[in-house]
Amino acid sequence: MNEWDVAVVGAGPAGLSAGYAAARAGARTLVLERAEHPRYKTCGGGLIGASLTAVADRIEVPADDRVDRLTFTLDGRRGFTRRHRDGSLLTMVRRERFDDRLREAAERAGAEVRQRAAVRAVAQDPDRVRLRLADGTEVSAAVVVGADGSSGVTARHVGVAYEQVDLGLEVELPVPAEVADRWRGRVLLDWGPLPGSYAWVFPKGDRLTVGVIAGRGEGERTRRYLAAFVDRLGLTGIEPVHDSGHLTRCRTEVSPLRRGRVLVAGDAAGLLEPWSREGISFALRSGALAGSAAADGDPDRYVAAVTADLVPEMRAGRRLLAAFEKHPGVFHGLLGTPPGWRMFSRFCRGEASFARTIDRLPVRAGLALLG
């Protein structure tokens, strides 16, 4: 009962993608989750095209809204709205429902998902990995995929190093029908007053997800930014259903993705896009790559795949963030131009990555001018 081919620590998008891929490949797969689904998760919940593609063969996405209009403001000023007339740009989900669908898919594929099973320690033998659980029991597996977040035990075991840490604050606001109607199909992005910061409004039926993100170390100013943003929207006084925060951590370029028979994926590996801090697509893709490699007993294949497929996107995001921190007004203006809007909308729809976009000569030249 406690010896497996593949054990996955964490049942978020990365862990459940790993469990699904490993079980589909024929491995006896166990997924361990410290909480119990459905559970709330602090997250904007906006799925870009890359995320939808990653789950297309697994689940029907439980969409609360499909967005075809984006409004942009620069710290509340110079607002404009752009509309994509050929399908939606973003799909809005509540993470408790989205993750629970992924859990069901992993179980249908043959994985066992064991909930309320927190992993406290990781140890490696020559041919097995041993996981000690909070209840004192032990699980062993030929390969372990760590997907328990950037502060989890697997990230510490592997020795993941982070170079960018940001604080995200978010409130889930239940809104009257007339307010919900005003936001249906539209997202607001506000480029904020702190370097690299921005705020968002994501519509989800009878709720609005409102949040801000900025670099760690600016906690009080980030809280003030969120309060001012909510007030500017006319939403002050609404009691949040959830009021939470979290840290997002982005890996260094040379941070390890494995240690022996333990692989890390998603947030545990520090995989996310540095400018937008979009992490769901990275979690889904890295989890699937890790699960497949773990089932085949080929951890090196996972490292090679992430290095080839995901690291270039992160490298491009770092360049965008560096320019955005210095010149948010220029970015705002560029998004109002046809080329800038095409670039952003193609990224949202999964038709082009930032890595391919900034490889174009005009974009490279522009980023060089911005420093």
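In strand E13, the bridge partner of Arg-69 is Arg-186, a pairing that belongs to a predicted model. This pair is part of a longer contact between two strands, since strand E5 (residues 69-74) and E13 are joined by 6 bridges and run parallel. Strand E13 itself covers residues 186-191, and 6 of its 6 residues are buried, so the strand is largely enclosed by the rest of the structure. Arg-186, Leu-188 and Asp-190 point one way from E13, while Val-187, Leu-189 and Trp-191 point the other way, and all of them are buried. This arrangement can be read against a general pattern, in which the side chains of a regular strand alternate between the two faces of the sheet.

E13 also pairs with strand E14 (residues 198-204), here in the antiparallel sense and over 4 bridges. Within this pairing, Trp-191 stands opposite Tyr-198 in E14. The two strands form a hairpin with 6 residues between them, where Gly-196 takes a positive phi near 75 degrees.

A second hairpin is made by E10 and E11, with 4 residues between the strands, and Gly-136 in its turn has a positive phi of about 95 degrees. Strand E10 (residues 129-133) is joined to E11 by 4 bridges in the antiparallel sense, and one of the residues involved, Arg-130, has Ser-140 in E11 as its bridge partner. Strand E11 (residues 138-146) is mostly covered, as 7 of its 9 residues are buried. Parallel pairing links E11 to strand E1 (residues 3-9) through 6 bridges, with Val-6 standing opposite Val-143 in E11. Strand E18 (residues 262-264) likewise runs parallel to E11, to which 3 bridges join it, and in E18 the bridge partner of Val-144 is Val-262.

Val-6 appears again in the surroundings of Ala-27, a residue found in the loop between helix H1 (13-24) and strand E2 (29-33). Leaving aside its neighbours within four places in sequence, Ala-27 is in contact with Asp-5, Val-6, Ala-22 and Ala-295. Ala-27 has a relative accessibility of 11% and therefore counts as buried, the limit for that term being under 20%. By contrast, the C-alpha atoms of Ala-27 and Gly-168, which lie 141 residues apart along the chain, are separated by 37 Å.

Elsewhere, 3 strands form an open sheet in the order E3-E7-E4, with antiparallel pairing. Its edge strands are E3 (46-47) and E4 (65-67), each of which pairs on one side only. E3 is joined to strand E7 (residues 90-92) by 2 bridges, and Gly-46 stands opposite Met-92 in E7.

Considered as a whole, the protein chain contains 13 helices and 18 strands. Its radius of gyration is 20 Å, close to the 21 Å that the globule rule gives for 371 residues, so the chain is as compact as a globular protein of that length. The C-alpha atoms fill a box of roughly 60 × 45 × 40 Å, taken along the principal axes. Of the 371 residues, 57% count as buried, and among contacts with a separation of 6 or more, 74% are made by residues 24 or more positions apart. The chain exposes about 15300 Å², of which carbon and sulfur atoms supply 49%. Finally, the chain carries 54 positive and 47 negative charges, whose mean positions are 4 Å apart.

Technical notes: Residues are numbered from 1 along each chain as its sequence is written. This is a predicted model: local features need pLDDT of at least 70, side-chain atom pairs count only at pLDDT 80 or more; totals for chains, interfaces and linings use all residues. Side-chain values use heavy atoms; hydrogens and water are left out. The radius of gyration is taken over C-alpha atoms; the globule rule is 2.2 Å times the number of residues to the power 0.38. Buried means under 20% relative accessible area, exposed over 50%, partly exposed in between (1.4 Å probe, protein chains only). Contact means heavy atoms within 4.5 Å. Accessible areas come from the Shrake-Rupley method with a 1.4 Å probe; for residues, only the protein chains shown count as cover. Lys and Arg count as positive and Asp and Glu as negative; His and the chain ends are not counted. The place of a charge is taken as NZ of Lys, CZ of Arg, CG of Asp or CD of Glu. Two strands pair if DSSP finds at least two bridges between them.
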